[in-house]
Structure formats: C-alpha cells, structure tokens
Amino acid sequence: MDYRVFFAAPLAALVMSVSATESILPAPWTAMRAGIPASSGPVDWAKGPPPAYDIGVDPAAEEQGQRSLSIKSLVKLDPGYANFAVAQQSAQGYAGKRLRFSAQVRSEGVSTWAGLFMDDGPKGGALNVVAAGLEGGEHTLPPSGAAAQAPNGTWQDVSVVVQVPATVNSVTLGLALVGEGKVWARKLHFEVVGPEVPLTDTRMLGFDWAKARDERVRNEKMMSLMRPSPLTNSSLD
Amino acid sequence: MDFRALLAAPLAALVMTSSAAELRMPQGWTAALDPSGNAYQAGVDPGMDEPGRHSLLIQSVGSRSVLDIGAVMQMVFGYAGKRVRLSAQVKAAGADTWAGLVLSDKMAFLNQFSASDADTLAHVFGVAAGADWKTVSVVVDVPSDGWMITTGLALVGNGKVWARDLKLDIVGTDMPLTTSHMGVDVPRALAQLHEQEAAQAAHEKPPQNLELR
C-alpha cells in the first residue's frame, strides 16, 4: 500500500487510530472508514469513537470456498456527515491503459450507495478531497463507481472501467459503502481491456462537497477555540 | 466530552491497519511507518522498561533508504495562539540520517510523503537525539487559527531511537523557539520519489490477493 494515496491531499481533519475490527482484512487490502455515530455518550478519547463499520472477509458469507469482502455499518450514523467506508488497494504501472475491475456484489439495506469503485485521479486523492471537504473539492469528481443495484441479497455481476491518464501511475480500487447498510463482493477480477470496452460513466455517489467543506471549516474553528488537550498516555502504559 | 467536537471532518475516524505488531503500541499513540509497514518497528521497548517507566522505541528493520521515515505520533488540539513545548528524554543508536523528538504547529503526517514535501517539512520542528539519554525540548508557536498540532518521535533512515518521560506544556514567550527541523534532505528525497515513481510506472503491478486469502 502506498500511503501517499491517503496523504497526497492535506487531510484536514484526520485522526488515526489502530484498532481491531471484527472481520479480518487480508493484506494488501486496506480499510478506510469515516463514520460518525448518530448519538454518542461520553467517549474515552484514547480509544476513539466507537467503530462505525466492520470491514473484512466475512466468514459467514463463505460459500463453497468462495470468500467475499464485506463492509457493514454497525450503528445508526449521523446523516449530517459523509459517512463512508472502503476496502481498497492500488495498482501501479497502467498509465494510458484502460482497466476493468469486476466482481459479483450483493447488498442489503444501503442508505446511500454501495458498489465497486476505481479512482484514476492522480494519486487516488479524489475520495479524500471530496469526502473531507478539502479545498478544490468542487472541481474534483468522486471515483468512478458501479453500484450494487440488484434487489436485497441477490448476487449481481458488476464492473467498473476507467481510462488511466498517461501521466497517472497509480489507481485505487475497491469496494465501498456510503452511508448505512451492508455490501459484499466476491470473484474479484482485474484486467487491462481494449478501447472498445465502454467507460463507466457513473460515480461513487453520496458526497456533498459543499456541506463537507462547511463542516470542516466550522469544526476547525471550533477546535481552535477548545481548551488545550493534554497528551494522552504520556506514561506509555 | 462530545467526541464529535474533535472530528473536524468526515475522515476523522479513518482507521489504518498497522501490520508491525511485535512491539506494544501504547494507547493514544499511532505508528506512521513506511508504506510497506515492514521497514520499521515501533512500540514500547521491553528491554528498556523500568518500574513505572516505559520507553518508546522506533527501530529500522533490514536496510532502509536513508530517506525513509518511521514515526510514532500523537495529534492534540486546543493550543491555538500558544507557545508549546514538547520535551522528553531521548537516545539514539546507529542512526545514519536523523533521529529525534518532533513537534509540528499543525497536523502533519510524519511519513515518507513529508520527506518529499518541503512545505510540510517546514512545519515539522525537531531536536536530534544523541548516544546517551538526554532531555531535549522542541518549542513552537501555534498559529491563532491552529486547530491541531502533532507530537512525536521520528527515525529517518536506519537505526534506533528511544523516548521516555514525554511531556507537553504551554510556555511563555521568553522561551526560545526551536529553529531546527526533522532531518530530511528534501531535494534528495524528492529525487528518490521520482525515481521510485518512474520505476513503478515501468512495471505493471496489478492489485494483489483478489482471492482474499
């Protein structure tokens, strides 16, 4: 995983924590989640907010040795935020190529959007820029995406096709869930295709850049006015 | 406290999985290791433990580029307009590039990306560790609209670095500011980054483990 995929943009408000999830996400897949629970009691900030999504390989969904990747929202989420989670990784060296990422997907109870995505933006920054309300987000398209639209629980063949610009070295691809719900993907496949294969003209939906920007600016202002927070666990216990 | 006050944007609860789990990472601290996750190990060093006193360790694994960075970070808020001092006892062994205590007046990720980004690096102040335990301090002014600062321990290149007795406090304007930075040769780091990108671009590397094993 190339961390610059995450850090190419000046991520304005990112707090990282390392915590175990219920499911195991095998390497080199990487989980990224941004979920704000709808209501919260007192929070032990050293532990961070409660997990909003479970991301990984779902053992319960294994059928005849066929594993599936899954993303599930765990709690009711605050609709005021662009809640989303992805399981993703990158591919390199495909500048100028047309790529297809395909899988069988199924979903349940998706509030906003779920499906496969592939981002040919430089260094894969589009998802961060748009979802975090970073400057320039109004000019940034979300990643190309193919939604899981079949009725609840039905496996469906889905593919997303992008044309990688000649100057772009790295693309990011994976499974995404925007908002609440559950989504699974299996039989994942990645290939270079010919120019006759139509490009995906749909996007990963559900992000309101202007709203995200306003939230970011407001919250940065609020945080700048807060009382100093001491170092957490400076004794390294 | 309503934690949403801390979560300034939707990405706030982003979680990255760290692979290097051989050392215990103390709660509240985050490892920002190299892209592979294998070039550094970080956590509490059991070999340095004393009763009631732990030491944070970052060590390189194998032979690393002198431009790679391994760090342990903690971001804290609420210091807008203040002069802030991070102090700790630090010590290094076999550090071939730079190792020491760092403090940034903004949110900064102490990873390889910052090595190639002069703008980011200009905000990462640091004091290098020596061969023996010594108390060092990094002092910075946080801008009046600064909503987050970054504290940490960093190792650039190969070697080991330890920190203990970490302390963060607000100091008066009579306290001299730190002018030294985390020791990264930005032009060289940038050149290496471009070399790496060119090498990557020349070889197709498809996504791995689509079988989810």
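## Starting with one residue

Does Glu135(A) count as buried, exposed or partly exposed, and how many C-beta neighbours does it have inside 10 Å? It has 13 such neighbours, so Glu135(A) counts as partly exposed. Keep in mind that this is a predicted model.

As for where to look, Glu135(A) is in the loop that links helix H2 (126–131) to strand E7 in chain A. Try finding Arg213(A) as well: along the chain, Glu135(A) and Arg213(A) are 78 residues apart, yet 7.7 Å separates their C-alpha atoms.

## How far to trust chain A

The average pLDDT of chain A is 80, and 84% of its residues score at least 70. Residues 1–21 of chain A are another story, with a pLDDT below 50. The model still gives this stretch 75 contacts beyond near neighbours in sequence. Where pLDDT is low, the predicted coordinates should not be read in detail.

## Two nonpolar cores

The largest nonpolar core holds 60 residues, and those touching the most other members include Phe84(A), Leu116(A) and Leu175(A). Strand E9 of chain A, residues 170–178, gives the most to this core, with six residues. Apart from this core lies another one, of 58 residues, including Ile69(B), Leu86(B), Leu101(B) and Val124(B).

So who does Phe84(A) touch, once residues up to four places away in sequence are left out? Its partners are Ala34(A), Ala131(A), Ala176(A), Leu177(A) and Val178(A).

## Covered strands in chain A

Let's follow Ala34(A) into strand E1 of chain A, which spans residues 30–34. Five of the five residues in this strand are buried, so E1(A) is largely enclosed by the rest of the structure. In a regular strand the side chains alternate between the two faces of the sheet. In E1(A), Thr30(A), Met32(A) and Ala34(A) point one way, while Ala31(A) and Arg33(A) point the other way. E1(A) pairs with strand E4 (residues 84–92) of chain A in the antiparallel sense, over five bridges. Here Phe84(A) turns up again, as the bridge partner of Ala34(A).

Strand E7 of chain A, residues 144–147, is covered on both faces. Ser144(A) and Ala146(A) lie on one side, Gly145(A) and Ala147(A) lie on the other, and all are buried. Strand E6 (residues 113–119) of chain A runs antiparallel to E7(A), and four bridges join them. One of the core residues, Leu116(A), has Ala146(A) as its bridge partner in E7(A).

## Chain B and its open sheet

Now for chain B, which has three helices and ten strands. Along the sequence, the pattern reads β-β-β-β-β-β-α-α-β-β-β-β-α. Of the 213 residues in chain B, 50% are buried. Among contacts in chain B with a separation of 6 or more, 75% join residues 24 or more positions apart.

Five strands of chain B form an open sheet with antiparallel pairing, in the order E1-E4-E9-E6-E7. Why is one side of E1 (30–32) and of E7 (124–128) in chain B left without a neighbour in the sheet? These two strands stand at the edges and each has a single partner strand, so one side of each stays free of a neighbour there. On average, neighbouring strands of this sheet are turned by 25 degrees against each other, direction ignored. Further in, strand E4 (residues 69–76) and strand E9 (residues 149–156) of chain B pair in the antiparallel sense over eight bridges. To spot this pairing, look for Met73(B), which stands opposite Gly152(B) in E9(B).

Technical notes. Residues numbered from 1 in each chain as written. Chains lettered and ligands numbered in written order. Core = buried A, V, L, I, M, F, W, Y, C linked by C-beta atoms within 7 Å. Buried ≥ 20, exposed ≤ 12 C-beta atoms within 10 Å, placed from the backbone. Contact = placed C-beta atoms within 7 Å. Pairing = 2+ DSSP bridges. Axes fitted to C-alpha atoms, helices over the stretch in contact; angles between N-to-C directions. pLDDT = per-residue confidence, 0-100.
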